[in-house]
Amino acid sequence: MKLYGIASSTCTGRVLLSLFEKEVEDFELVIVNVRKGEGKKPEYIKLQPFGLIPVLEDGDLTLYESRAIIRYIANKYEGQGTALYGKDIKERAKVDQWLEVEGQNFNSAIRSSLGVVSKPPIDEVQLTETFGKLGKVLDIYEEHLSKTQYLAGDFFSLADLSHMTTGWKLFDKYKQGSILFEGRPHVKAWWENISSRPAFKKLLEMI
Amino acid sequence: MKVYGMPYSTCTVRVLTTLAEKDEEGYEIVPIDLQVGAHKSPEFLKLQPFGAIPVLQDGNLTLFESRAIARYIAEKFEGKGTALFGKTVEERALVNQWLEVESHSFNPLIEPLVVQLVFAPMRGKEPVESVVKDHTYRLEKLLDIYEAHLSENKYLAGDFFSLADLSHIPYTFYLINVAKKGAAFTSRKHVNAWWEDISSRPAWKKVAAL
């Protein structure tokens, strides 16, 4: 198996996390640095016509879109490592629901915030605005996580995992966003819980 | 089974079309009238805390996000109606891949276009030209990639119709058939052929008639 991408990319990291949770070691990371324009090379476009990372090559299968890849890994390695998709069809539906929430609601809000904090000097007005939007999403998470330990239920899943690489960038890499935990004790506890997982620490060693 | 939503809402339609493809009629539509703000009522927010439609209730399962609901229906009714997830783990992965492309690359470009060209005029507002121009340009570039792909594959995930194709139908219908601004699709030979094919399916025609 080959994974094309770079460990510091949030989307490649999402896939690496799922491989580590499933205790899969038999793969090669092929570095494709999109910041250096390597995603636009003709050989790479043949693999991923949109020029994005990551791509997974597994035998005859060439697969892109990180949230599709993590679902594939969860299905392929069912029964090995951490169960990432729940136990039955209803739990799986809940995992998919929160994967969609992450992809639709959380992701755009946190990316806007990351766009502001990654370009010093930080524009405080824009930061307040983007944190406001992210905060509204996290208010809903706070209410939900006061009733369940993880997003899809009382089990860790792809849904929680999918938040970790963008979350890490905001809270740990840029050391911003701790204000978002204020008044949201369940979100804070959830973040501290999932970010203490061994698979996550393994990813951080690579970045 | 209950589907909370509106028959004209694109995301509700995504779910209704999936049910139709699976030949499943055992459900009731519970209208949530967006015009009167029913989606923001305290009772509805208990079902869907983000205040969006649709929501599926199936026994003790309450599910939101149309693409998650569509996946659930495809899996629950596996073996009935159209196979929407392919036949193998690999085919299913490709269906998920193109569902993600639809969600993250296609939808952000076509949704604002439909809002400007269909929904804004319905509310008596003029389309914002710069938004229309910018999103049309980017949609055209995206459809160039679809064109190349569909010149080698009959459908997005391979040679079988799937949830990935279905998921593109609602907004595309609004742009081509309602706004009558579908040149980006109709000017590309394989994209056009793909659109003609998927929009002529009986399940879609049934839902479009609602």
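How many helices and strands make up the secondary structure of chain A? Select chain A on its own and colour it by secondary structure: in this predicted model, chain A comes to nine helices and four strands. If you then follow the chain from its start, the elements appear in the pattern β-α-β-α-β-β-α-α-α-α-α-α-α, with the run of helices that closes the pattern coming after the strands.

Stay with chain A and turn it to view its overall form. The C-alpha trace spans about 50 × 45 × 30 Å along its principal axes, and the radius of gyration is 17 Å, which agrees with the value near 17 Å that a compact globule of 207 residues would have. Of those 207 residues, 57% count as buried. Among the contacts in chain A with a separation of 6 or more, 68% are made by residues 24 or more positions apart.

Now show the surface of chain A. About 9,200 Å² is exposed, and carbon and sulfur atoms supply 51% of that area. If you colour the charged side chains, you will be looking at 28 positive and 29 negative charges, whose mean positions are 3 Å apart.

For a view inside chain A, select A:Ile73, which is found in helix α3, residues 66-76. Is A:Ile73 buried or exposed? With a relative accessibility of 0%, A:Ile73 counts as buried. Leaving aside residues up to four places away in sequence, A:Ile73 touches A:Val15, A:Ser18, A:Leu19 and A:Lys22, so add these four to the selection. Of the pair A:Ile73 and A:Lys22, the C-alpha atoms are 7.9 Å apart in space, although 51 residues separate the two in sequence.

Next, hide chain A and select chain B, which has nine helices and four strands. From the N terminus on, the elements of chain B run β-α-β-α-β-β-α-α-α-α-α-α-α. The radius of gyration of chain B is 17 Å, close to the 17 Å that the globule rule gives for 210 residues, so chain B is as compact as a globular protein of that length. Its C-alpha atoms fill a box of roughly 45 × 45 × 25 Å along the principal axes, and 56% of the 210 residues count as buried. In chain B, 66% of the contacts with a separation of 6 or more come from residues 24 or more positions apart.

With the surface of chain B switched on, the accessible area is about 9,200 Å², of which 53% belongs to carbon and sulfur atoms. The charged side chains of chain B number 24 positive and 27 negative, and the centres of the two sets lie 3 Å apart.

Bring both chains back and look at where they meet. Here 28 residues of chain A are in contact with 30 residues of chain B, and the area buried between the two chains is about 2,700 Å², with carbon and sulfur atoms giving 65% of it. On the side of chain A, select A:Phe50, A:Lys90 and A:Glu100, which lose the most area to chain B and together account for 20% of what that side buries.

As a last stop, select B:Glu75 in helix α3 of chain B, residues 66-76. Which residues does B:Glu75 touch, not counting those up to four places away in sequence? They are A:Ile89 and A:Arg92 from chain A, together with B:Arg92 from chain B. B:Glu75 has a relative accessible area of 16% and is buried, because the cut-off for buried is under 20%.

Conventions: Residues are numbered from 1 along each chain as its sequence is written. Chains are lettered from A and ligands numbered from 1 in the order in which they are written. This is a predicted model: local features need pLDDT of at least 70, side-chain atom pairs count only at pLDDT 80 or more; totals for chains, interfaces and linings use all residues. Side-chain values use heavy atoms; hydrogens and water are left out. Helices (H or I, at least four residues) and strands (E, at least two) are DSSP runs, numbered from the N terminus. The radius of gyration is taken over C-alpha atoms; the globule rule is 2.2 Å times the number of residues to the power 0.38. Buried means under 20% relative accessible area, exposed over 50%, partly exposed in between (1.4 Å probe, protein chains only). Contact means heavy atoms within 4.5 Å. Accessible areas come from the Shrake-Rupley method with a 1.4 Å probe; for residues, only the protein chains shown count as cover. Lys and Arg count as positive and Asp and Glu as negative; His and the chain ends are not counted. The place of a charge is taken as NZ of Lys, CZ of Arg, CG of Asp or CD of Glu. Buried area is the accessible area (1.4 Å probe) that two parts lose on being put together, summed over both.
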